[in-house]
Amino acid sequence: MTEWLVRHFVRMSEQTDDPAVRMRYGQFAGIVGIICNVMLCLGKGAIGLVSGSVSIVADAVNNLSDAASNIVSLLGFKLASRPADPEHPYGHGRYEYLAGLVVAALVLAIGINLAWSSVQKIIAPSPTEFSGALVAVLVLSIAVKLWMAAFNRSIGRRINSDTLEATAVDSRNDVISTAAVLSCACISRATGVDLDGWAGLAVGAFICWSGVGLLRDTVSPLLGQAPSPELVEHIHDKILSYPGVLGTHDLMVHDYGPGRQFASAHVEMAAEADPLESHDLIDNIEQDFKMEDGLIVTLHYDPIVTDDPEVRDMRHWISHAVEEIDPRITVHDLRCVPGPTHTNVIFDCVRPAGSALSADELRERVARLVQEHYPRTIAKITVDESYVSSQQ
């Protein structure tokens, strides 16, 4: 059913990183969510007021807030689809992240409100009526929310949307909360023990816990989280797959919203090769990333001396020696400048994220290693920071 609706609303062959296509997906999901949540709110609200159940009324308010979340998602997708302008040259894709943040905040607020209402019911209990209509509405709500969770997850994964993924988690939470309310209503009916307030409190605590997780997940891309190890590996391996490329380093990835990623890296190539041919190859690599991956990549050409065996051996030794300090440390851009009394060995050293050593401490330890093994040298080291996942 989910796939049928998606297939009949959008053309499956469309590129899902296109802002206009993403907006259509987002609008579709938002409209479906608003309709379903408003209907559930009306049904559960009426039953909850008649039966005097605080947990069912709270569940109805939860559905109303879900409809508000769907409106926020609609607005987020609409704003994110706006084209780039002079003030925002990288587009407005981060509006989608902001929409996901608002949805997560609403989930957390709902959990707090539900927990508070339940505490009041526990302190001052009131009778709760049990009826076939109550059971029917709650069972229908569980079925609808199960479908909505699958529906939003399907679209969210298709367009890589954190907002819709958060909405899917919210729908899953609704299934759990409504199932808990129904179970406690049945137990109360059978035993005469009123569990309405306790059920609401447990559900509220679970929703709060889930809301905190959603907030963490949606804040991360806004703060500039590291690119995924899979993306880093793909970029690294693709660059190295071209003939003439000796190595790559200093990768940086900037995320301006789904489908709006930019990357830069240094590419090592033989210094003895024709610089025009090397430059042409780098241009081809950049174009291939844009056409095949939708990723705008800027590459810097680093010439590497390959016909001097002493420099080659020194580069190899230093690259392995620094691993004694930390296996994640890498060395690049090494060159030698000989003089009458000593030789300057100039290179860059990448300090991994989370390293216990400061930049100055790392520079000092690496320089000492080099000078102990090559007494007639002075190491001139530039310490770079790693901007990708430490797992790479």
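# Notebook: helix packing and selected residues

I began with T178 and listed its contacts, leaving aside neighbours within four places in sequence, and found K44, D59, L138, S141 and I142. I was working in a predicted model throughout, and I read every value below as computed from that model. T178 lies in helix α6, and I noted its relative accessibility as 0%, which is under the 20% cut-off, so T178 counts as buried. To place T178 against a distant part of the chain, I looked up R363, which is 185 residues away along the chain, and found the two C-alpha atoms separated by 59 Å.

**Entry on α5 and α6.** Since T178 had taken me to α6, I next looked at how helix α5 (residues 132-158) packs with helix α6 (residues 162-191), and I recorded an angle of about 160 degrees, with the axes 8 Å apart. An angle over 145 degrees is counted as roughly antiparallel, which is why I entered α5 as roughly antiparallel to α6. I noted the crossing of α5 and α6 as left-handed. Sorting the residues of this contact by class, I wrote down 16 nonpolar, six polar and six charged.

**Entry on α8 and α9.** I then turned to helix α8 (residues 229-240) and helix α9 (residues 275-293), which pack at an angle of about 135 degrees, with their axes 11 Å apart. I entered α8 and α9 as oblique to each other because of that angle, and I noted that α8 passes α9 in a right-handed crossing. From α8 the contact draws on H234, I235, K238 and I239, while α9 supplies I285, D288, F289, E292 and D293. I divided the residues of this contact into four nonpolar, one polar and four charged. As a reminder to myself on reading such lists, an α-helix has 3.6 residues a turn, so residues three or four places apart point the same way.

**Entry on S278.** While I was in α9, I also looked up S278, which is found in that helix. I recorded a relative accessibility of 3%, so S278 counts as buried. Not counting residues up to four places away in sequence, S278 touches M269, A273 and Y301. I also took its separation from H88, which is 190 residues away along the chain, and found 33 Å between the C-alpha atoms.

**Entry on α10 and α11.** For helix α10 (residues 309-321) and helix α11 (residues 359-373) I recorded a packing angle of about 135 degrees and axes 11 Å apart. That angle is why I entered α10 as oblique to α11, and I noted their crossing as right-handed. The contact is made by W317, I318 and A321 on the α10 side and by L369, V370 and H373 on the α11 side. By class I counted five nonpolar residues, one polar residue and no charged residues in the contact of α10 with α11.

**Entry on α7 and its end.** I checked the length of helix α7 (residues 196-223), which has 28 residues and reaches 40 Å from its first C-alpha to its last, close to the 40 Å expected at 1.5 Å a residue. Just after α7, I found G224 with a positive phi of about 90 degrees.

**Entry on positive phi outside glycine.** Most residues other than glycine have a negative phi. With that in mind I looked up D250, which is not a glycine and yet has a positive phi of about 55 degrees. D250 is found in strand β1 (residues 245-255), and with a relative accessibility of 23% it counts as partly exposed. I then looked up D333, a residue other than glycine whose phi is also positive, near 55 degrees. D333 lies in strand β4 (residues 330-338), and at 16% relative accessibility, which is under the 20% cut-off, I entered D333 as buried.

**Entry on K78.** Last, I looked up K78, which lies in helix α3 (residues 54-80). Its relative accessible area is 46%, so I entered K78 as partly exposed. For distance, I chose E230, which is 152 residues from K78 in sequence, and found the two to be 29 Å apart in space, C-alpha to C-alpha.

Definitions and conventions. Residues numbered from 1 in each chain as written. Predicted model: local features only at pLDDT ≥ 70, side-chain atom pairs only at ≥ 80, totals over all residues. Heavy atoms only, no water. Helix = DSSP H or I, 4+ residues; strand = E, 2+ residues; numbered from the N terminus. Buried < 20%, exposed > 50% of the residue type's maximum accessible area, 1.4 Å probe, protein only. Expected span 1.5 Å × (residues − 1). Axes fitted to C-alpha atoms, helices over the stretch in contact; angles between N-to-C directions. Parallel < 35°, antiparallel > 145°, perpendicular 65-115°, else oblique. Left-handed = near helix turned anticlockwise from the far one by under 90°. Contact = heavy atoms within 4.5 Å. Nonpolar A, V, L, I, M, F, W, Y, C, P; charged D, E, K, R; others polar.
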